[in-house]
Each structure stands twice: as structure tokens, then as C-alpha cells.
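Please read these notes with the model open beside you. They are numbered so that each point can be checked separately.

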Amino acid sequence: MATLSQPRPASNPSSTSDQTTPPSRDPLILMELVINSLGQKSDKIKILSEILPRILALGEVEQGALLVVGNEAHQLTAVIKQKLPDEVIRQFTREELGQQLLAGKQVYLTSQRLQLNPEQALLSRHKLKYLLGLPLQFNKEILGGLIVGSSNDFLRPEAQHRLEALGQLTALFLDHTRLRTQIQRQSQAKVQPDSPPSSSTTHELEELLAAIMSAEEEVVRQNKDLGILNSLSNEVGGILQLNVILEAAVRQTRQALNVEIGWFYIFEEGSLVLREHQGLSEQYVQELRQLKPGDGAEGMAFSRRQPILRDTLLFHSGRARAVVEAEGLRAVAAVPLLDPAGDRALGVLAVGDRTSRQWSPRDQRLLTLICRQVAQAVGNSQTFVEAQKKAATWEAKYSTIQESHAQLVHRTEILEQQIDSLRQVEQQIWLALAASQKARRDRGHEHHAVHERDDQLVAILKKALATLNKDEETPPLAKAS
């Protein structure tokens, strides 16, 4: 339980009053300011009031609050807030949402249409797109909570990663404060002038000092991990080529965890396909280029959608087991690559060593954060590829339509030429018919047989004219089809 001085009441402007977001938005500058503030020895509430606006700026949110565990057990108290409504804070200090934080569970509420429940009503009343509550935990002990929310936009994965890392730093700060307070109390305890400190007191002081050193080392590691994540985000953030994204992810992961080998499987057409590898032999690559979900540590991590940090041979059998054994792999960590929505797994990132190694909680945490970072880039790449395929399909269809249109135009031109020819023939027939009628009038006294032949000729000409007129009435495009 945190041993900060008694939290100030909510009405005190120096504690829970709204803070002003710092003008600088550069992540590196803001992170340096947060770390510098945490290292100060001034009033702890003042320190928290300084770092909250910077945490919100790094998380790209405008509303938030810092909670600590007060003197009462199992009770969170708000010490600093910025623009966050009091009703929301009450939900995290006295209601069910606060109990979830005290149980070490993350709370993430997003605005959903057509859903009727108290949480959605809370978001709706305050026009919030989302609320994120992070437990501030160190060594399995809950020391407080960080709440952020926004009415402008939904939370980006990169911003969530920063908030989670900053929550860890704040938890270390609270634990450091608790340890310092305990040391001060013990140093002020009255002892006999000539009596040496008891062995139990000395042992307790040694444990407290060791814990402080451990907390400071954890701050350094967290800062280093944030630098790794920022570097990876900058490298793959604007890239759409999948092979470039995976190469950068494997390279930086190997450097971050100091491992020999790294590789990436992507889920394609029902199987895991090895798309990037560094440090593996050609035989291993050829033999295990494809895996079924559930095979090996990689396939098991994909199927379960959770990290697998186990013996390399545990989930292999037969030929695959022999290949892994021949490769000399002794330690493997496989983490699934989940899409930002968490609905499906896109692939698996794996790292390994040819020497025995125990994976630390920091290794698992960093691998998970890297996979979250890479998942966004891989999702963007796959969306881009799908868009390219759709564009190519539409271009092919458009080309076919253009070609058909050109053929129809050509056939229409041919039909129009034929109609012009028929019209010329029609004119000639009418002229011939007129001449024939005139000739009949001039030969009024010729034989009856000649009149019959003329009547037959006139009938034939009229039939031809009727056929021509019928052809002209038929639309050219209808004939062409």
C-alpha cells in the first residue's frame, strides 16, 4: 500500500485541479521531463502534478487522473486530475471499475453504438470515445492507478504502449516513495544510546536499500525499452513493404534481447509461412518453411494467442523435432502477432538461443510490446496489398469494358456504312420506279404482256423498299449485340 502523505481533498486546487498540457509535444523531450520530475526530492504530490500533463501528452489524450492507494486498504484516491469528470473518477475510486484496478486488471471501455449498459451510458453522458484505466503495480502490489480518456479520437496502439510504460515508471516512483518513507521512519525510531541496531533492523534496511536500487534499475530498463519501441515505430511506421517491416522487427528484437536468432512466421492460406529469418541455417529454413497452427512453439503461440516461452522440442515431433535438435536451439520465445482489434492472429515473432536461457518477465513484456507495434504496420501492409489487388482487378475489368466498347463502336461504324449504302440503293430504286411508271404512261397502247412484266417489276421494287425501311428502323447497337 502506498505510503504517500494523506492525499489532498478533491477541492484543493494544488492537487486535483485541472492541469495545463505542456507546450512541447516532442516524445523524447516529454519523456526526459517525466524522468527528471520523478527524480526530484520535492513534495510527491507536486511531482505527480508535474508529470500528469506530460503523461497525457505522450499518450495523445486530453483527460486523465492519477490515483493512489490511500490509508484505507482496498481504496483508491484521486490525487491529480486533468479535465476528467468527477463522475468518471468516482467509478474508479468507489465503484466496480476501481475494484478491477485493485485486482491488477486493465480497464478499457470504448464507445459502442446500440449497446445499453452503465458503462456505455457513462461514456455517452460525457461524450467520451474511450476510457483506459491502468493499474500501477510493482512486485505484484497495487500502488495506484492511471486513468485517461478522450472525446476526440480513439486510442492509437502507439499511444497505449507509451501509457503502459509510463504507468510502470509511475508505479516505480510510488514504490520508491513508500520505501523512502519506511527508511525515514526507521531512522527516526528511538534506540538506546549505547545499544547497536538489532540484526532484524539491519536486515530490513538492507532489503529496503536493495529494493530502491532495483527500482532505479527498472526505471533505466523501462527508459531503454521505450527507446527501442520508439526507434522501431519510427522505422516501420511509414513502410508498406512487408519484407522490410519484418526485417526491421527481427533485427531490432535480436538487439534488444541480445539473442542469436530471430524469425517471423506470417499466416497465409491456412498455414504459417516463414517470411523472415536471421541466424537460422538453410536446412532449418528449408525443412520448417511452413508450419501448421499448433506445431512447435510458434504454432502453439499462434493457436493459443499467447506467448510461449518453453523448451524448443516440447511441441515438435518426428522430422521437425530432429531438425530443431540438429539446429542446436535450446531456448525459444514465441509471441503471436495480433491485429489491433485482437480479433485474429496475423503471425508469430520468435527469438532463440543455442545456449540455455531463462526468459525474464521483461523479455516477455518487451516482445509483447514489439508485436503490438509491428502488428499495426503488418496490418497496414496487408490492407495495402489487398487494395492493390482490388485495384488491379478493377483495372482489368475496366480494360475489358474499354475493349468491348471499342468493338461496339467499330461494329456501329460498319453498320452505319452499310445503311448509307442501302440508302443509296433505295434512291436508285425510287428513280428506277419513277422512270418505269413514266415509261408505262408513254406506252399506253403496248401489248398486255408488257404491262404484266412492269407490274411484276414494280411489286419487286416495293418489296425491296419495305425491307430496306425495316432494316433502317432497327437500332445499330441492338443489331451489333
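1. Trp263 has a relative accessibility of 0%, so it counts as buried. The model is a predicted one, and this residue is a convenient place to begin reading it. Tyr284 is buried too, with a relative accessible area of 2%. Buried here means under 20% relative accessible area, and the points below rely on that cut-off.

2. What kind of aromatic pair do Trp263 and Tyr284 form? The pair is edge-to-face, with 6.4 Å from centre to centre and 65° between the planes. A pair of aromatic rings is described by exactly these two quantities, the distance of the centres and the angle of the planes. Trp263 belongs to strand 6 (residues 261-268) and Tyr284 to helix 9 (residues 282-287), so the pair ties together parts that are 21 residues apart in sequence. The structure holds three aromatic pairs, and this is one of them.

3. Another ring to look at is that of Trp394. Lys397 lies over its face, at 4.9 Å from the ring centre.

4. Strand 1 (63-69) deserves a paragraph of its own. Seven of its seven residues are buried, so strand 1 is largely enclosed by the rest of the structure. Both of its faces are covered. On one side the buried residues are Gln63, Ala65, Leu67 and Val69, and on the other they are Gly64, Leu66 and Val68.

5. Which strands are joined to strand 1 by bridges? Strand 5 (residues 141-150) is joined to strand 1 by six bridges, and the two run antiparallel. Strand 2 (residues 76-82) is joined to strand 1 by five bridges, and this pair also runs antiparallel. Leu67 can be used to trace both pairings: its bridge partner in strand 5 is Gly145, while its partner in strand 2 is Ala78.

6. After strand 2 the chain enters the loop between strand 2 and helix 3, where Lys83 is found. Its phi is near 65°, a positive value in a residue other than glycine. Lys83 counts as partly exposed, at 49% relative accessibility. Arg305 is a second case, with a positive phi of about 60° although it is not a glycine. It sits in the loop between helix 10 (296-304) and strand 9 (308-310). Arg305 is partly exposed as well, with a relative accessible area of 40%.

7. Helix 3 (residues 86-93) has four buried residues to find: Val88, Ile89, Phe92 and Thr93. They cover an arc of only 130° around the axis, which puts them on the same side of helix 3. The general rule helps in reading this spacing: an α-helix has 3.6 residues a turn, so residues three or four places apart point the same way.

8. How many salt bridges does the structure hold? There are 13. One of them joins Arg162 to Glu60, with the closest N and O atoms 3.8 Å apart. This pair links distant parts of the chain: Arg162 is in helix 6 (residues 157-188), Glu60 is in the loop between helix 2 (44-58) and strand 1 (63-69), and 102 residues separate them. Arg162 counts as buried at 18% relative accessibility, whereas Glu60 counts as partly exposed at 35%.

9. A further salt bridge is formed by Asp86 and Lys81, whose closest N and O atoms are 2.8 Å apart. Is each partner buried or partly exposed? Asp86 is partly exposed, with 46% relative accessibility. Lys81 is buried, with a relative accessible area of 16%.

10. The last point concerns Asp353 and Arg357, whose side chains meet in a salt bridge (3.4 Å, N to O). Asp353 has a relative accessible area of 7% and is buried, while Arg357 counts as partly exposed at 23% relative accessibility. This bridge should not be read in isolation. Salt bridges that share partners join Asp353, Arg357, Arg362 and Asp363 into one network.

Key:
Residues are numbered from 1 along each chain as its sequence is written. This is a predicted model: local features need pLDDT of at least 70, side-chain atom pairs count only at pLDDT 80 or more; totals for chains, interfaces and linings use all residues. Side-chain values use heavy atoms; hydrogens and water are left out. Buried means under 20% relative accessible area, exposed over 50%, partly exposed in between (1.4 Å probe, protein chains only). The arc is that of the directions from the helix axis to the C-beta atoms. A salt bridge is a side-chain nitrogen of Lys or Arg within 4 Å of a carboxyl oxygen of Asp or Glu. Two strands pair if DSSP finds at least two bridges between them. Rings of Phe, Tyr and Trp (its six-membered ring) pair if their centres lie within 6.5 Å; planes under 30 degrees apart count as stacked, over 60 as edge-to-face and the rest as tilted. A charge sits over a ring if NZ of Lys or CZ of Arg is within 6 Å of the ring centre and within 35 degrees of the ring normal.
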